[in-house]
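This report looks at one protein chain and the ligand it holds. Please look over the sequence and the structure before reading on.

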Amino acid sequence: MQGIRDMYGRMLSRFQELFGTGGGAPALFRSPGRVNLIGEHTDYNGGHVFPCAISLGIWALAAPRQGTDLVRLHSMNFEEAGTTEAPARGLEYRQERGWANYPLGVLRVLEEAGHPLPAGLDLLFWGDLPGGAGLSSSASIEVLTARVADGLFGMGLQGVETALLAQRAENDFVGMKCGIMDQFAITMGRRNCAVFLDCRTLDFKLVPLNLDGFRIVISNTNKPHALAGSEYNLRRAQCEAALEDLRRVRPVKALGELTEPGFKYLSGVIRNPVNLRRARHAVTENQRTLHALAALEMSDLALFGRLMNQSHVSLRDDYEVSCPELDALVELAWRQPGVVGSRMTGGGFGGCTVSIVEAPCVEAFVRDVGAGYAKATGLRADFYEVDAADGAGRMERP
Ligand code: GAF
């Protein structure tokens with residue numbers, strides 16, 4: 001609580017410096033990041049995902065400004081970028097606006113959905129969620145912006161609707177053709193729960209994470225996930241091409257619909273061997289995610305961990321979205337005592353791994369995996385012990 005009070009105090013004085021002291025105290029909002037436990041690159045394939053919102057996140061102080069139709073945005077994480085000013089309506093993507101395109105994209109999508117901002121808006125952000133690390137800082141700031149707009153101007157947005165609008169901002173305004181997983185987990189996450197989501201129907205359930213005696217440890221390669229956008233869109237296209245081949249013999253709606261034996265039986269019609277491996281990952285990963293749900297519900301954490309490990313192998317070999325740095329962290333983790341499972345998490349090509357580790361072994365994990373990683377790559381890894389947290393929303397001022 002003291003930490004939150006300090007953070008709020010620092011944000012409030014920066015807000016007042018930047019935007020003035022008139023107009024009453026700004027409202028406080030928070031949005032988490034997400035870590036995906038299993039179910040990677042399955043969301044846009046009509047499969048299942050199993051992420052949770054995490055205790056690292058982004059905070060916003062926000063106040064409406066009557067008599068102006070300007071949006072002013074500032075991030076304490078990017079002080080050097082200065083304050084961005086933009087019109088509240090008719091917004092367009094501008095490369096030079098950098099990070100601010102994510103929140104501005106949400107305002108644009110809200111306007112298109114019939115919720116234009118009725119006044120100006122001042123927004124100050126600060127986060128302890130590392131950016132570009134595969135923990136969904138972009139989805140976090142998108143959902144946060146939607147929650148701010150809804151909270152201040154009473155737009156009456158429902159949870160799933162909020163996630164879909166935030167995804168649309170990323171797809172259409174920023175141009176990253178992501179699936180729904182990140183925005184959904186960040187909107188609908190719940191403390192101590194993982195979100196099991198069927199990405200085809202958007203049916204979901206919150207599954208208690210009974211991790212007594214275990215910790216979720218995120219290891220950051222500190223290799224930004226470059227390539228992620230172009231290679232991501234390429235993976236989507238390869239899965240789409242495999243699906244087209246399958247449709248010549250069966251009316252398959254999505255790869256996530258197929259069981260492993262069903263896929264094996266049909267897979268001969270996929271002509272391109274690379275597309276075949278991409279599709280195999282999508283199908284097997286979806287099956288692993290279904291098994292992971294059962295494992296968690298039966299409190300079989302050992303099985304859950306084995307499925308995480310298999311997921312990494314499939315992402316590395318069939319989907320080819322890992323990289324030497326992620327592989328190094330995962331292989332070091334696999335050799336470490338007390339590790340239940342470890343895999344890359346998120347889109348790949350850099351970013352983070354997620355491991356489930358026995359609580360008393362975490363200290364040695366951080367020390368040994370950190371040292372092994374520095375030796376293998378010359379890079380320093382960062383480690384975060386996280387809890388499953390609530391989705392984005394308004395907070396009481398401390
Ligand atoms: C990124 C995307 F944004 C998600 O939609 C998902 O596809 C993920 O990569 C891979 O599972 O985080």
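How do the residues of the shell around the ligand divide into nonpolar, polar and charged?

## The shell around the ligand

The model described here is predicted. In it, the shell around the ligand has three nonpolar, five polar and three charged residues. Its members are Asn-36, Glu-40, His-41, Asp-43, Tyr-44, Cys-178, Gly-179, Met-181, Asp-182, Gly-346 and Gly-347.

## The annotated binding site

An unreviewed UniProt entry carries the annotation "binding site" for Glu-40, His-41, Thr-42, Asp-43 and Tyr-232. These residues span 193 residues in sequence, but no two of their C-alpha atoms are more than 12.4 Å apart, so they gather at one spot. Glu-40, His-41 and Asp-43 also appear among the residues around the ligand.

## His-41 and Thr-42

His-41 lies in the loop between β1 (27-38) and β2. Is His-41 buried or exposed? A residue counts as buried if 20 or more other C-beta atoms lie within 10 Å of its own. His-41 has 27 C-beta neighbours inside 10 Å, so His-41 is buried. Leaving out residues up to four places away in sequence, His-41 touches Arg-235, His-281, Ala-282, Glu-285, Tyr-319 and Val-321.

Thr-42 is also placed in the loop between β1 and β2. Thr-42 has 31 other C-beta atoms within 10 Å and is therefore buried. Beyond its neighbours within four places in sequence, the contacts of Thr-42 are Gly-47, His-48, Val-49, Cys-199, Gly-256, Ala-282, Glu-285, Asn-286 and Thr-289. Ala-282 and Glu-285 are thus contacts of Thr-42 and of His-41.

## The nonpolar cores

The largest nonpolar core has 98 residues, and those touching the most other members are Cys-52, Ala-60 and Leu-329. Strand β2 (residues 48-65) gives this core its largest share, 12 residues. A second, separate core has 11 residues, including Cys-239, Leu-246, Leu-258 and Ala-279.

Which residues does Leu-329 touch, not counting those up to four places away in sequence? They are Ser-219, Thr-221, Thr-353, Val-369, Tyr-373 and Ala-381.

## The annotated domain

The unreviewed UniProt entry also places the feature "domain: GHMP kinase N-terminal" at residues 101-189. Over this stretch the chain is 60% helix and 9% strand. The C-alpha atoms at the two ends of residues 101-189 are 24 Å apart.

Conventions: Residues numbered from 1 in each chain as written. Predicted model: local features only at pLDDT ≥ 70, side-chain atom pairs only at ≥ 80, totals over all residues. Near = placed C-beta within 6 Å. Nonpolar A, V, L, I, M, F, W, Y, C, P; charged D, E, K, R; others polar. Core = buried A, V, L, I, M, F, W, Y, C linked by C-beta atoms within 7 Å. Buried ≥ 20, exposed ≤ 12 C-beta atoms within 10 Å, placed from the backbone. Helix = DSSP H or I, 4+ residues; strand = E, 2+ residues; numbered from the N terminus. Contact = placed C-beta atoms within 7 Å. UniProt positions renumbered as here; feature names shortened; annotations may be inferred.
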